[in-house]
Each structure stands twice: as C-alpha cells, then as structure tokens.
Amino acid sequence: MLDEWYEKEKKAIDNNIAFYTSRLQQYFDSLDPKLLTKSKTQLSYSLPSGKLVKKFEKPEFRRDDETLLPWIEQNAPDYVKVKKDINWAELKKKLTVDKGKVILSDTGEIVEGITIENKPAEFEVK
C-alpha cells in the first residue's frame, strides 16, 4: 500500500519536473543568442534562481576495426600498435622445476625471469 502511494506521488513529481524542464528549454531556445554565455562545450543563461545550460556532447566514434586497420596500415602506419606478449599457458606446460630452478623441458635450459614461490600446505576439515 505504501509502495503504491510512493510510486503514484513519484510519478506526479516526475511529470511536473518534465513539464517545467520542457517549458524552460523552450524559453532557452527562444532567447536571443547575444544573451547567452558561450564556451566550447555549452551555452548558458543565468536566471535569478539558477542557470539554464545546454551542453554539447563530443561526437562518439564507432570503429569497424576490420575496415579501419587495413586502411591505417596503408595510409598511417604510425598509428598501428604491435603488442608482444608471452604465451604463458603454452610455456607453463613445458616448464619443470629442479632444485629451485625453472627449466625449459624442450631444451634443458634454465629459464630466466621466473622465480619459484613455494606455498604452504592448506589444512581443511570437510
């Protein structure tokens, strides 16, 4: 019952806000542009009890990478980013540990840049 009353009151308030916002926007749009304060991203008009502001959003870029990447590679290669990364999942399958050293089992070489951290055993009661 209380929720129904709240929703009814909220809807009435939201409708009033929408109505007056619409009227203020119509008023703002009818003003002489000389009266508006301008900046790069907005126009504004000061009222005694507040300010009317019209913000201009930056355009949103939507990319089609399948079309864009070949064009960039041909016409603006400075904007192509090449990322080198380790295939850790495959490398880890080929690693073994012997006396605290990490060894690549394919070649028997000691792999630099990997250290071993032994974790303590966990105790569980099930």
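A nonpolar core is a set of buried Ala, Val, Leu, Ile, Met, Phe, Trp, Tyr and Cys residues joined through side-chain atoms within 4.5 Å. In this predicted model, the largest such core has six residues in all, namely F28, L31, L36, L43, Y45 and L52. The points below begin with that core, pass to the sheet of three strands, and then turn to charged pairs, a surface patch and two single residues.

**The nonpolar core**

- In soluble globular proteins, nonpolar side chains tend to be buried together.
- Among the members of the largest nonpolar core is L31, and when residues up to four places away in sequence are left out of the count, L31 touches L36 and Y45.
- Both of these contact partners, L36 and Y45, also belong to the largest nonpolar core, as do F28, L43 and L52.

**The sheet of three strands**

- Strands of a sheet pair through backbone hydrogen bonds, and the pairing can be either parallel or antiparallel.
- Here an open sheet of three strands follows the order β1-β2-β3, and its pairing is antiparallel. The edge strands of this sheet are β1 (37–38) and β3 (50–55), each of which pairs on one side only.
- Strand β2, made of residues 42–47, pairs with β1 in the antiparallel sense over two bridges, and within this pair T37 stands opposite S44 in β2.
- The connection from β1 to β2 is a hairpin that passes through three residues.
- On the other side of the pairing scheme, β2 and β3 run antiparallel and are joined by six bridges, with S46 having K51 in β3 as its bridge partner.
- Strands β2 and β3 likewise form a hairpin, with two residues between them.

**Salt bridges**

- Side chains of opposite charge can pair when their charged atoms come close.
- A search of the whole structure finds six salt bridges, and three of these pairs, K10 with D14, E60 with R62 and K93 with E90, are described here.
- K10 forms a salt bridge with D14, and the closest N and O atoms of this pair are 3.0 Å apart. The two residues are separated by about one helical turn, because they stand four residues apart in helix α1.
- Both members of this pair count as partly exposed, K10 with a relative accessible area of 36% and D14 at 36% relative accessibility.
- E60 pairs with R62 in a salt bridge whose closest N and O atoms are 3.6 Å apart. E60 is exposed, with a relative accessible area of 62%, and R62 also counts as exposed, at 75% relative accessibility.
- K93 forms a salt bridge with E90, where the closest N and O atoms lie 3.2 Å apart. Both residues belong to helix α3 (residues 88–93), in which they are three residues apart, or about one turn of the helix.
- Which member of this pair is exposed, and which is partly exposed? K93 is exposed, with a relative accessible area of 61%, whereas E90 is partly exposed, with a relative accessible area of 42%.

**A nonpolar surface patch**

- L2, W5 and Y6 together make a nonpolar surface patch of about 390 Å².
- Y6 lies in helix α1, which covers residues 2–30, and Y6 is partly exposed, with a relative accessible area of 45%.

**Two single residues: K99 and I103**

- Most residues other than glycine have a negative phi. K99, by contrast, has a phi near 55°, a positive value in a residue other than glycine.
- K99 is placed in the loop between β4 (95–98) and β5 (101–104), and at 80% relative accessibility K99 counts as exposed.
- Is I103, a residue of strand β5, buried or exposed? I103 counts as buried because its relative accessibility is 16%, and buried means under 20% relative accessible area.
- Leaving out residues up to four places away in sequence, I103 touches K94, L95, T96, D98, G108, E109, I110 and V111.
- I103 and I114 are 11 residues apart in sequence, and their C-alpha atoms are 9.7 Å apart in space.

Terms used:
Residues are numbered from 1 along each chain as its sequence is written. This is a predicted model: local features need pLDDT of at least 70, side-chain atom pairs count only at pLDDT 80 or more; totals for chains, interfaces and linings use all residues. Side-chain values use heavy atoms; hydrogens and water are left out. Patches are made of residues with over 30% relative accessible area and no salt bridge: like charges are joined within 9 Å, nonpolar side chains (Val, Leu, Ile, Met, Phe, Trp, Tyr) within 5 Å. Accessible areas come from the Shrake-Rupley method with a 1.4 Å probe; for residues, only the protein chains shown count as cover. A salt bridge is a side-chain nitrogen of Lys or Arg within 4 Å of a carboxyl oxygen of Asp or Glu. Buried means under 20% relative accessible area, exposed over 50%, partly exposed in between (1.4 Å probe, protein chains only). Contact means heavy atoms within 4.5 Å. Two strands pair if DSSP finds at least two bridges between them.
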